[in-house]
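User: I am new to reading structures, and I would like to understand how the descriptive terms are justified. Could we go through a few of them together?

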Amino acid sequence: MRLSLRFVLPLMLALAGIAYAVAPLVDRLTLTWFVHDLDARSLLVTNAIQEPLQEQLAAGKKAKILEFFNRITRDERLFAIGYCVSPTAKALATRSLPAEIHCAELDRWVEPRNHLLPSDKGPLHVTVQPMASEAAPEARLVLVQDMSFVTRRSEETKRYLFYLFMGLAAVVSLITVIVAQLSWRGWIAGMRALLRGEGLLRQPGSAPPSLPGFKPIARDLQRLIRDLESDVHARDESQITWSPESLRGILRGELRGEDVLVVSNREPYIHQRRGDRIEVQRPASGVVTALEPIMRACSGTWIAHGSGSADRDVVDKHDRVAVPPEKPAYRIRRVWLTPEEEAGYYYGFANEGLWPLCHIAHVRPTFRSGDWSHYVAVNRKFAKAVADEAKTKDPIVLVQDYHFALLPSMIREELPEATVITFWHIPWPNPESFAICPWRDEVLAGMLGSSILGFHTQSHCNNFVDTVDRFIEARVDRAAFTVSFGGRLTAVRRYPISIAWPPAAEMLEKPVADCRSNLRQLNDLPPEHKLGIGVDRLDYTKGIVERFRAIERLLELNPQWVGRFTFVQIAAPTRTGIEEYQHHEAQVRAMATRINGRFARRGPPPIVLKVEHHEPREVYEYFRAADLCFVSSLHDGMNLVAKEFIAARDDDRGVLILSQFTGAARELPEALIVNPYDAEQCAAALHLALTMSADEQRDRMRLMRGLVAEYNVFRWAGRMLLDAAAMRRRSRLEKKTGRAET
Ligand code: GDG
């Protein structure tokens, strides 16, 4: 007991000393955290008041603005607020705005380390946020927040630390005394054993006592921490409701201030000349919907082929244009291609070579060395554009699709520290099929410049990894799904793409009953006529011929549907310069005419073929008016039409017939899954859809709507960004500790 007291008292004194020594450190750390928090809060406040403030400013009501500021500063932490229209103007501000803050000298508060302003009431936190508008391009908002709460919290922390260390001292001394007692007994027992001649021989099977044994433990611990990290990550992710806001949250939190670039062939805004007017077109594309919130949130740059007839008229001298036109938030950098480059890179290698190569649709790929040269040159052109546009040496670059297989490694030559995320929107074939490509090794090496390589389904990931394993000198780790090539690691991951959820309100504006009656009227169909819908680019991979064959078979097997069922096929013209597409269009048209000729004598025609582009609103109206939607792709990376049909049906009605060869079929088992090559089976599915009870339609549709809502396009983009953020954190840590994973 005496021994314990002699030990415990000095220990307690020592720990109390440590508590006081540690307190200032904790103070400094918490101050940094609070400053970070207040930075984020300032941004939030600015975003929240931007719109009402701009409205008041536009109305020019100064008294109202001051009243608005005073109302906001009633918040106990928001100390003062001011608005400077220009550096020469006087600030429009609450009275509490400290005298040291003038419009002319706002730059001194911009640096994060200068955000603190001492005052006799305690420190103040000052931030300056741009609030540009057309009328006032230099306008800025000053927010001053009260930080006196930091001093109060510091006192509490010190008290808490003192009690904590005291408690700790008591527990440590207790454990020490117990261990000392036990060791003493153990030592005695050991001595006795030695005297008995048992010696210090190791028991068979017991662990060797040498130090190197700790190394595996350290490694295991590292692994455990990593697993825990990814566990927390996965848990957090499942808590997220994915929306443009959550994407913005990731960019502000996980990827604070990172430089983000997107590269795609198609641009998100196209300027077209119509007479002497310039019209802005937005391509109806899921990819644009997903990537726009990222671009808007981080004011990034989107690099794309400038394909519009007025594209050159609106760019600045660096070929850049700010978009969206009504409220610029990010910029497009346009890359110009000659007609020869477009023919070789886009129509040739990408669409006559890689497209049929990656889709099992029994169309032979055509590879020409001239096309390949253009493909290489255009990829190089885009890599230079990426290097020009990068603001840092390690930007995040999101590369889209098979037009840019070589771009990842070319970007890496220009910017070795960039994080390149490549997403391949079409399937990846098995190694035997891919081997057809005469430049297969170059294509694979190009793609392996990516840090993350994404596909829609696990089987596309498997095919890619198998192809790499078969053809190039790379190390494949099938447990981690990574490929190590040329000293670099590429993670191959599944990111199933989807659509925006909820869909834009204007798409669902017209009631389903009105859509039904309107479209039946428009197509000369009786009010209760059954309607099917198909919406596709007029592409041979979409199985439109097989779809028509199935409709013909339905009418042969179930003649009661003749004159009572019509299938409307919207077929948007695509890649019309390619011969295969011209043949395909002729075949589809001829088939519709033949089938209609066979059955049209008994009422309305079974097939209405509309070979033209439709506005998204019209497409949604058809989705809402239809009794069934038929997606019969022969091979499809995902297929967004299936998901759009589901999104359109907020009445929980309608049946989806879906080809088993789409990525979407893996996610939507409640659809009627069919083999498009099996006309009998498809005809049976059509009959089942036409006779399905309302209850069954509702049960299936609800399940599918739940899934599409949860696994929406914001999750697709967000998960890639989260993985990129984790990868960047890990590589920064490895650089710091001087260790890299091999
Ligand atoms: C590739 C992959 C993957 C069609 N016609 C019109 C029109 N569309 C819209 C649809 C839908 C989009 O085009 C087509 O998307 P899909 O996913 O069906 O197919 P692809 O164009 O082949 O896209 C595919 C996709 O990339 C995304 O990763 O799912 O597997 O092949 O949004 O609604 N839109 C309008 N008028 C039309 O006439 N407005």
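**Helix packing and ligand contacts**

Analyst: H9 passes H10 in a right-handed crossing, a term used when the near helix is turned clockwise from the far one by less than a right angle (anticlockwise would be left-handed). This is a predicted model, in which local features need pLDDT of at least 70 and side-chain atom pairs count only at pLDDT 80 or more, while totals for chains, interfaces and linings use all residues. Residues are numbered from 1 along each chain as its sequence is written, and side-chain values use heavy atoms, with hydrogens and water left out.

User: Why is H9 called oblique to H10?

Analyst: Helix H9 (residues 369-389) and helix H10 (residues 407-414) pack at an angle of about 45°, with their axes 9 Å apart. Angles under 35 degrees count as roughly parallel, over 145 as roughly antiparallel, 65 to 115 as roughly perpendicular and the rest as oblique, so H9 is oblique to H10.

User: What makes the side chain of Glu644 a polar contact of the ligand?

Analyst: An N or O atom in the side chain of Glu644 is 2.5 Å from an oxygen atom of the ligand, and a polar contact is a pair of N or O atoms within 3.5 Å, so this pair qualifies. For Lys542, a side-chain N or O atom is 3.0 Å from a ligand oxygen atom, whereas in Leu640 a backbone N or O atom lies 2.8 Å from one.

User: How do you know that the peptide bond from Trp501 to Pro502 is cis?

Analyst: Its omega is near 0°, and Pro502 lies in the loop between strand S17 (488-494) and helix H14 (512-522). Most peptide bonds are trans.

Methods:
Axes fitted to C-alpha atoms, helices over the stretch in contact; angles between N-to-C directions. Helix = DSSP H or I, 4+ residues; strand = E, 2+ residues; numbered from the N terminus. Polar contact = N/O pair within 3.5 Å; in protein donor to acceptor, adjacent residues only side chain to side chain.
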